[in-house]
Amino acid sequence: MRLTYFRELMEGEFGAARAASVSHDHVFAQLGGRTVEQALEAGIDPRDVWRAVCEVYDVPAARR
């Protein structure tokens with residue numbers, strides 16, 4: 001998954017402001033205790049980051 005597509009999915013699911021908040025503020029156990037931004041900077045595949053976000057925020061399967 002491309003990073004630009006990941007960003008589109010985040011904004012589509014949460015809106016621009018909340019997507020930014022989720023990316024910068026929420027620490028995900030599934031990402032090793034990192035935020036979305038930290039995980040991406042650490043080289044974790046955006047697809048894996050998206051899966052973690054979907055799991056925690058109960059994103060419906062149709063939008064995963």
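Thr 35 touches Ser 23, His 24, Asp 25, His 26 and Val 27, residues up to four places away in sequence being left out; contact here means heavy atoms within 4.5 Å. The model is a predicted one, in which local features need pLDDT of at least 70 and side-chain atom pairs count only at pLDDT 80 or more, while totals for chains, interfaces and linings use all residues. Residues are numbered from 1 along each chain as its sequence is written, and side-chain values use heavy atoms, with hydrogens and water left out.

Thr 35 sits in the loop between helix H2 (16-25) and H3; helices (H or I, at least four residues) are DSSP runs, numbered from the N terminus. Its relative accessibility is 7%, so Thr 35 counts as buried, a term that covers values under 20% relative accessible area, with exposed meaning over 50% and partly exposed lying in between (1.4 Å probe, protein chains only). Between Thr 35 and Ala 61, which are 26 residues apart in sequence, the C-alpha to C-alpha separation is 22 Å.

Moving on to helix H3, Glu 37 is placed in this helix and, at 14% relative accessibility, counts as buried. The side chain of Glu 37 makes a polar contact with the side chain of Arg 7, at 2.6 Å. A polar contact is a pair of N or O atoms within 3.5 Å; within protein, one must be able to donate a hydrogen and the other to accept it, and residues adjacent in sequence count only if both atoms are side-chain atoms. With neighbours within four places in sequence set aside, Glu 37 is in contact with Arg 7, Ser 23 and His 24. Ser 23 and His 24 also appear among the residues that Thr 35 touches.

Ala 39 has its place in H3 too, and its relative accessibility of 0% makes it buried. Beyond residues up to four places away in sequence, Ala 39 touches Leu 31, Arg 34, Ile 44 and Val 49. Ala 39 and Gly 12 are 27 residues apart in sequence, and their C-alpha atoms are 20 Å apart in space.

Val 49, touched by Ala 39, is one of the buried residues of helix H4 (residues 46-56), which are Pro 46, Val 49, Trp 50, Ala 52, Val 53 and Cys 54. The cover over these buried residues includes helix H1 (3-14) and helix H3 (36-41). At the start of H4, a side-chain oxygen of Asp 45 comes to within 2.7 Å of the backbone nitrogen of Arg 47.

The packing of H1 can now be described. H1 and H4 pack at an angle of about 15°, and their axes are 9 Å apart; axes are lines fitted to C-alpha atoms, for helices over the stretch in contact, and angles run from 0 to 180 degrees between N-to-C directions. H1 and H4 are therefore roughly parallel to each other, the term used for angles under 35 degrees. On the H1 side, Leu 3, Phe 6, Leu 9, Met 10, Glu 13 and Phe 14 make the contact, and on the H4 side Pro 46, Val 49, Trp 50 and Val 53. By class, this contact of H1 with H4 has nine nonpolar, no polar and one charged residues, where Ala, Val, Leu, Ile, Met, Phe, Trp, Tyr, Cys and Pro count as nonpolar, Asp, Glu, Lys and Arg as charged, and the others, Gly among them, as polar.

The axes of H1 and H2 come within 7 Å and cross at roughly 115°. Here Arg 7, Met 10, Glu 11 and Phe 14 of H1 meet Ala 16, Arg 18, Ala 19, Val 22 and Ser 23 of H2. The contact of H1 with H2 has five nonpolar, one polar and three charged residues. Arg 7 of H1 is also the polar-contact partner of Glu 37.

The segment after H4 holds Asp 58, which has a positive phi of about 50° although it is not a glycine. Most residues other than glycine have a negative phi. At 61% relative accessibility, Asp 58 counts as exposed. Val 59 lies in the segment after H4 as well, but Val 59 is buried, with a relative accessible area of 2%. Apart from neighbours within four places in sequence, Val 59 is in contact with Glu 13, Trp 50, Cys 54 and Arg 64. The C-alpha atoms of Val 59 and His 26, 33 residues apart along the chain, are separated by 16 Å.

Note on methods
Helix = DSSP H or I, 4+ residues; strand = E, 2+ residues; numbered from the N terminus. Parallel < 35°, antiparallel > 145°, perpendicular 65-115°, else oblique.
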